[in-house]
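Work through the exercises below with the model open beside you. Try each task before reading its solution.

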Amino acid sequence: MSNLEPSRVVSKVEKERENDLRTQRFKSVALKLLFYGFLVLIWHLFANLETLKHFLFPTPLEVLVTLWNGISDKSFVYAIYASMKRLLIGYLISLIIGLPLGLCLGRIKWMDETIGSLSLGLQALPSICWLPLAILWFGLNEIAIQFVIIMGSILSITLTVRDGVISISPILLKAAQVLGASKIKLYTHVLVPASLPYILTGARLGWTFAWRSLMAAELLYVSAGLGSILTMGRELHDMAMVISAMLIIIGIGLFFDKLIFGYLEHFIAVRWGTK
Amino acid sequence: MPKIDLINVNKIFLGKTGVVHALNNVNLTIEDGEFLCIVGPSGCGKSTFLNVVAGLTNVDDGEVLIDDMPIKGPGTDRVLIFQEPALFPWLNVIQNVAFGLRMAGLLKEESYERARALLRIVKLSKFEKSWIHELSGGMKQRVALARALALDPNVLLMDEPFAALDAQTRDMLHEELEILWLETGKTIIFVTHNVREAVRLGSRVILMTARDGKIKREYKIDLPRPRHIEDNELIDIARIIRDDLKEEVLKVSEEVI
Ligand SMILES: Nc1ncnc2c1ncn2[C@@H]1O[C@H](COP(=O)(O)OP(=O)(O)OP(=O)(O)O)[C@@H](O)[C@H]1O
Ligand SMILES: [Mg+2]
């Protein structure tokens, strides 16, 4: 046991680590499956209680059927498409403006003192509060919804990127200057990569806020989209439809948050040596 | 021919603990091709001196000239190697070394070729693809050295670059640096705590005072090259300087008590 050759020791350790990792993953997946299975079971039993008004408590199966019908008759698909289109447009505009603005705020003092303080102040306002103003300005149309999405996400993107730039170690900036980085190249080759972990956090936050603003706006101002399915479900007293829409909203949120941003953040943490 | 000229240079920091006169009426001429070493107690203003020459810090009074022109900001004719490695964590080793060349507009292949040659000098060829967080402290400092040398500057400003290295690597890099200096005739300003290192490398050694930012004394080192850090004559000279330095260090510790 103690007399193994070095290479065999390494391969033994490697194998053990791999096995450990696999058991760990298996345990975590099993636990999750068990938990959610249990949750659905409780829901099922609860929905079948005699004392409850049935239309307020559909069974899991009924929700599943509604979900399937909505997808196969394309009504949910169109709603998802409408919402995602709004979201992407608004979010991209926020990124395109917010990112460079954040970089500038982090570097240029007078901009930070003016636009920076304004952003900080406006952030205290929940984005949906912009809706009345937007409707009065732009009318009941797509632009009004875009406006709410942008106001919801741009501030957190800008301010997080600004924090990222400010937290860059000054010695890195000095090193870049000494090595001949011009003003513009300092932005593209140093400020952006150095604050990339923050930029990503900002993008993620911005996404979350954009998503929430959109849902709030769609609930209030009905016209095609996931929010309007929620409203429609309420009006039709169709709880299965309401829950279906909620599940879709959770699914989309998780997909972007965990899968896309989670992966990017992990990648950067490894590369930057912070993990 | 003078390369760098400091005329009545003053630099004052207003810190939380009070006024620090980091450079106090410093007058100094550094000849073209000189290897100047600066020693002095911690906090005496050595890094400040280098920052001023690098153009990263403005002086509060006086003039700093390079080739008879005032220094207005950083320039790639004089590259500073910082006390900490200050490498870019988002770039790997070879990308770090090539950074300055890329900034100067060189193409990727060309700059990598030069970067590789320098990585050979600092004995890090095997690590060209490594990420910075995978290197030891000494390896990082060697990458920083290679990154500065890549730009082939006329003036090299080095702030205790070898402090974190083991004795063998340090000896080796002393040799490399001496050869580089003899071959290229660069002007080098080298800051160190290690008096023997200063005598090993410098053609002149300057001792700074502990608290008031002045030059206390300077020593011409006329020992033949190549030198070795264990040469008897070298050790004798180092002893003299160390005694003077000790006086200054004691001043600081008395103040602290
Ligand atoms: N940005 C700053 N703000 C306030 N005080 C400063 C600043 N930079 C340096 N100082 C002070 O100026 C003095 C000289 O600092 P400097 O870094 O030049 O010392 P040093 O000789 O390089 O020391 P060490 O050998 O420890 O590196 C110190 O007393 C330090 O506290
Ligand atoms: Mg220093």
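A residue counts as near a molecule if one of its heavy atoms lies within 4 Å of it. Keep in mind that this model is predicted.

**Exercise 1. The shell around ligand 1**

Task: Find which residues come nearest to ligand 1, and sort the shell by class and by element.

Solution:
- Step 1. Start with the count: 13 residues surround ligand 1. Those that come nearest are Ser42(B), Gly43(B), Lys46(B), Ser47(B) and Thr48(B).
- Step 2. Sort by class. The shell holds seven polar, four nonpolar and two charged residues.
- Step 3. Sort by element. α1(B) gives three residues, the largest share of the shell.

**Exercise 2. Polar contacts of ligand 1**

Task: Locate polar protein atoms that pair with oxygen atoms of ligand 1, then state how much of the ligand the protein buries.

Solution:
- Step 1. Apply the cut-off: a polar contact is a pair of N or O atoms within 3.5 Å.
- Step 2. Look at the backbone. A polar backbone atom of Gly43(B) is 2.8 Å from a ligand oxygen. For Gly45(B), a polar backbone atom lies 3.0 Å from an oxygen of ligand 1.
- Step 3. Turn to a side chain. Ser47(B) places a polar side-chain atom 2.7 Å from a ligand oxygen.
- Step 4. Read off the burial. Ligand 1 alone exposes 630 Å², and the protein buries 65% of that.
- Step 5. Name the elements that give two or more residues to the shell: β2 (18–31) and α1 (46–54), both of chain B.

**Exercise 3. Two helix pairs in chain A**

Task: Describe how α6(A) packs with α9(A), and how α10(A) packs with α11(A).

Solution:
- Step 1. Pick the quantities. Two packed helices are described by the angle between their axes and the distance between the axes.
- Step 2. Take α6 (142–166) and α9 (196–220) of chain A. Their axes come within 8 Å and cross at roughly 160°. So α6(A) is roughly antiparallel to α9(A). The crossing is right-handed.
- Step 3. Take α10 (226–235) and α11 (239–272) of chain A. Their axes are 8 Å apart, at an angle of about 160°. Therefore α10(A) is roughly antiparallel to α11(A). This crossing is left-handed.

**Exercise 4. Backbone details in chain B**

Task: Place a cis peptide bond and a positive phi in their loops.

Solution:
- Step 1. The cis bond joins Arg225(B) and Pro226(B), with omega about 0°. Pro226(B) sits in the loop between β10 (215–220) and α7 (232–256) of chain B.
- Step 2. Asp68(B), a residue other than glycine, has a positive phi near 70°. Asp68(B) belongs to the loop between β4 (61–66) and β5 (69–70) of chain B.

Terms used:
Residues are numbered from 1 along each chain as its sequence is written. Chains are lettered from A and ligands numbered from 1 in the order in which they are written. This is a predicted model: local features need pLDDT of at least 70, side-chain atom pairs count only at pLDDT 80 or more; totals for chains, interfaces and linings use all residues. Side-chain values use heavy atoms; hydrogens and water are left out. A polar contact is a pair of N or O atoms within 3.5 Å; within protein, one must be able to donate a hydrogen and the other to accept it, and residues adjacent in sequence count only if both atoms are side-chain atoms. Accessible areas come from the Shrake-Rupley method with a 1.4 Å probe; for residues, only the protein chains shown count as cover. Helices (H or I, at least four residues) and strands (E, at least two) are DSSP runs, numbered from the N terminus. Ala, Val, Leu, Ile, Met, Phe, Trp, Tyr, Cys and Pro count as nonpolar, Asp, Glu, Lys and Arg as charged, and the others, Gly among them, as polar. Axes are lines fitted to C-alpha atoms, for helices over the stretch in contact, and angles run from 0 to 180 degrees between N-to-C directions. Angles under 35 degrees count as roughly parallel, over 145 as roughly antiparallel, 65 to 115 as roughly perpendicular and the rest as oblique. A crossing is left-handed if the near helix is turned anticlockwise from the far one by less than a right angle, and right-handed if clockwise.
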